[in-house]
Amino acid sequence: MTTKHESNVSQPNIKSNQPWLKNIYATPVVKSFIAGTLSGTCSTVLFQPFDLVKTRLQKSVNIGSKLGMIAEFKNVIKNENVSGLWNGLIPSLWRCVPGIGLYFASLHWMKSTLGNTQTHPVESFLFGASARTIAGIVVLPFTVIKTRYESGDFKYNGIIHAIKFTYAKEGLQGLYSGLAPTLLRDVPFSGIYLMFYTQLKALSSNNVDTSSLINFTNGIIAGTFTSFITQPADVIKTNMQLYPLKSVVFLAFGEALSLDL
């Protein structure tokens, strides 16, 4: 049982900490980071099977397999059970949760500090590209590990072991393999996506509050168009991270083209 004196001593400490924590969480950049991490967690868990199948299909450039998306889904379930579709989820979370949080925090800071009231398309492109460059470089080692987990060709005993093993065998070059095509994919993707999204949002709002459905639709349209543009760089990125000995961009690009022709 605490005495009256003890309660009087402890209470001011609790109250004095609350404003400090409240001020941190009230910071717009921190709010953007938290919102990004939460959305990153949900989207990563939900769409991990599609990300895994995408990696397997892109890997087929080097193994000569020509399975389609549905066939690859069936193949994974047959050989690895349904849970196999979520292989690489943990490294995906290590990559996406802080990465998306950092992206939104950087984007918010640039828009609030450097942006104008009426966002110009070029301005949106530059902000999106810059924010993605920062996030992409920071989390690239986790991107490499995620890709290797999803391929099914690498067996690790956890994230820490994977990073240590890759560093011991390949050094920093291994952990940052595919940096160039990753940036060639992510930087234009984020820039073009944000540019199209802001313009579509401006067109669809028409001076009225837009619904979540309209924003969702705008995001799908912008994301679909941008994915088509950046897909070649994504294929090169995957193969460079899986097969670092073939880490010449033109070689990877040439193999992709030769199989398509």
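**Getting to know this helical chain**

Q: Which residues form one aromatic cluster?
A: Keep in mind that this is a predicted model: local features need pLDDT of at least 70, side-chain atom pairs count only at pLDDT 80 or more, and totals for chains, interfaces and linings use all residues. Residues are numbered from 1 along each chain as its sequence is written, and side-chain values use heavy atoms, with hydrogens and water left out. The members of the aromatic cluster are Tyr149, Phe154, Tyr156 and Phe165.

Q: How many helices and strands are there in the chain?
A: Both come from DSSP runs numbered from the N terminus: helices are H or I with at least four residues, strands are E with at least two. Starting at the N terminus, the elements read α-α-α-α-α-α-α-α-α. That gives zero strands, and the number of helices is nine.

Q: How many aromatic pairs does a search of the whole structure find?
A: Rings of Phe, Tyr and Trp (its six-membered ring) pair if their centres lie within 6.5 Å; planes under 30 degrees apart are stacked, over 60 edge-to-face, and the rest tilted. With that rule, the number of aromatic pairs in the whole structure is nine.

Q: Why is the pair of Trp94 and Phe142 tilted?
A: The centres of these two rings are 5.3 Å apart. The pair counts as tilted because the planes of Trp94 and Phe142 stand at 40 degrees.

Q: How many residues apart in sequence are the parts that Trp94 and Phe142 tie together?
A: Trp94 sits in helix α4 (residues 89-114), while Phe142 belongs to helix α5 (residues 121-151). The pair therefore links parts whose separation in sequence is 48 residues.

Q: Is Phe142 buried or exposed?
A: Buried means under 20% relative accessible area, exposed over 50%, and partly exposed in between (1.4 Å probe, protein chains only). Its partner Trp94 has 39%, so Trp94 is partly exposed. Phe142 has 18%, so Phe142 counts as buried.

Q: At how many degrees do the planes of Phe154 and Tyr156 lie?
A: The ring centres of Phe154 and Tyr156 are 6.2 Å apart, and the pair is stacked because the angle between the planes is 20 degrees. As for cover, Phe154 is partly exposed at 22%, whereas Tyr156 is buried at 11%. Back to the planes: they lie at 20 degrees.

Q: Which ring does the charged end of Arg132 sit over?
A: A charge sits over a ring if NZ of Lys or CZ of Arg is within 6 Å of the ring centre and within 35 degrees of the ring normal. Here the charged end of Arg132 is 4.4 Å from the centre, and the ring belongs to Tyr103.

Q: How far apart are the C-alpha atoms of Ile159 and Pro91?
A: Ile159 is found in helix α6 (residues 159-175), and at 8% relative accessible area Ile159 is buried. Leaving out residues up to four places away in sequence, Ile159 touches Ile90, Pro91, Trp94, Phe142, Ile145 and Tyr149 (contact means heavy atoms within 4.5 Å). Ile159 and Pro91 are 68 residues apart along the chain, yet their C-alpha atoms are separated by 6.6 Å.

Q: Where in α5 does a kink lie?
A: The 31 residues of α5 would reach 45 Å as a straight helix at 1.5 Å a residue (1.5 Å times one less than the number of residues), but the end C-alpha atoms are only 37 Å apart. A bend is the angle between axes fitted to the seven residues ending at a residue and the seven starting there. In α5 the kink is about 60 degrees, shortly before the proline Pro141, and lies at Leu140.

Q: Which proline follows the bend in α8 within four residues?
A: The ends of α8 are only 38 Å apart by C-alpha, short of the 45 Å of a straight helix. The bend of about 55 degrees falls at Thr230, and the proline that follows is Pro232.

Q: How many disulfides does a search of the whole structure find?
A: A disulfide is a pair of cysteine sulfur atoms within 2.5 Å. Among the cysteines, Cys42 is exposed at 55% and Cys96 is buried at 14%. For the whole structure, the number of disulfides is zero.
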